[in-house]
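Dear colleague,

I am passing on the structure we spoke about, placed just below so that you can have it open while you read. My notes on what was found in it follow.

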Amino acid sequence: SKQREQLKNAQSEIRKLKSALMKTEIPALLHKVTLVGRIPLFFGSFHDQSNEELKELATALAQKKPGLYFLISSDAHTSSLYAQLSSEFVSLISMADLAAWLKEHAGLRCGGKGQTLQGGGPVVGLSFEADLKKWLLAQQ
């Protein structure tokens with residue numbers, strides 16, 4: 001019981017430290033936003049981040065600069081993703097269409113409401129980011 005409590009505290013502390021570290025990276029990550037047609041896109045590929053961590057980061061980035069934030073985290077066998085579209089761009093792309101494209105193109109299953117998608121599936125290929133950009137351009 002005492003060990004379980006210590007483990008829980010350690011995991012909580014790790015989460016706090018990872019969150020603090022991510023926040024220090026926000027200015028550098030914002031420099032990676034690229035304009036794809038009329039939509040500022042941030043594509044971030046991470047390793048072993050939880051969906052909650054991806055969501056936190058996407059939200060923090062979007063508060064600084066509106067756009068489409070697409071974050072994917074992979075381990076050896078699977079990927080999880082979180083995508084968030086700022087309200088300024090909802091007339092340009094449909095998140096439901098993006099979810100359908102992700103399923104068809106990469107086997108990623110996701111759902112969401114409004115301007116967010118969350119999901120996962122197999123590890124994506126090396127051309128995934130370029131393919132996503134091509135899809136985005138074709139939507140506008």
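Please keep in mind throughout that this is a predicted model. I begin with what lies over the first helix, since the rest of the description can be built outwards from there. The cover over the buried residues of H1 includes strand E2 (39-47), helix H2 (51-64) and strand E3 (68-74). The buried residues themselves are Ser19, Met22, Ile26, Leu29 and Leu30. Helix H1 takes in residues 2-30, which makes 29 residues, and its span from the first C-alpha to the last is 42 Å, close to the 42 Å expected at 1.5 Å a residue. Even so, H1 carries a kink of about 35° at threonine 24, shortly before proline 27.

Turning to the strands, you will find an open sheet of six, arranged in the order E1-E2-E3-E4-E6-E5 and with mixed pairing. Its edges are formed by strand E1 (34-36) and strand E5 (109-111), each of which pairs on one side only. On average, neighbouring strands of this sheet are turned by 25° against each other, if direction is ignored. Helix H4, residues 128-139, packs on the sheet and touches E1, E2 and E3, while its direction makes about 160° with that of E2.

Strand E4, which covers residues 78-85, deserves a separate look, as it is mostly covered, with seven of its eight residues buried. Towards E3, the two strands run antiparallel and are joined by seven bridges, and a hairpin of three residues connects E3 to E4. Within this pairing, serine 73 has serine 80 in E4 as its bridge partner. Towards E6, strand E4 again pairs in the antiparallel sense, over seven bridges, and here tyrosine 82 stands opposite glutamine 118 in E6.

When you follow individual side chains along these strands, it may help to recall that in a regular strand the side chains alternate between the two faces of the sheet.

Finally, at the E5 edge, strand E6 (residues 116-122) and E5 run antiparallel and are joined by three bridges. In this region cysteine 110 is the residue that stands opposite glycine 119 in E6.

If you go through the model in the same order, I would suggest starting at the kink at threonine 24 in H1, then moving to the sheet with its order E1-E2-E3-E4-E6-E5, and ending with the three bridges between E5 and E6.

With best wishes

Technical notes
Residues numbered from 1 in each chain as written. Predicted model: local features only at pLDDT ≥ 70, side-chain atom pairs only at ≥ 80, totals over all residues. Heavy atoms only, no water. Helix = DSSP H or I, 4+ residues; strand = E, 2+ residues; numbered from the N terminus. Expected span 1.5 Å × (residues − 1). Bend = angle between axes of the 7 residues up to and from the residue. Buried < 20%, exposed > 50% of the residue type's maximum accessible area, 1.4 Å probe, protein only. Contact = heavy atoms within 4.5 Å. Pairing = 2+ DSSP bridges. Axes fitted to C-alpha atoms, helices over the stretch in contact; angles between N-to-C directions.
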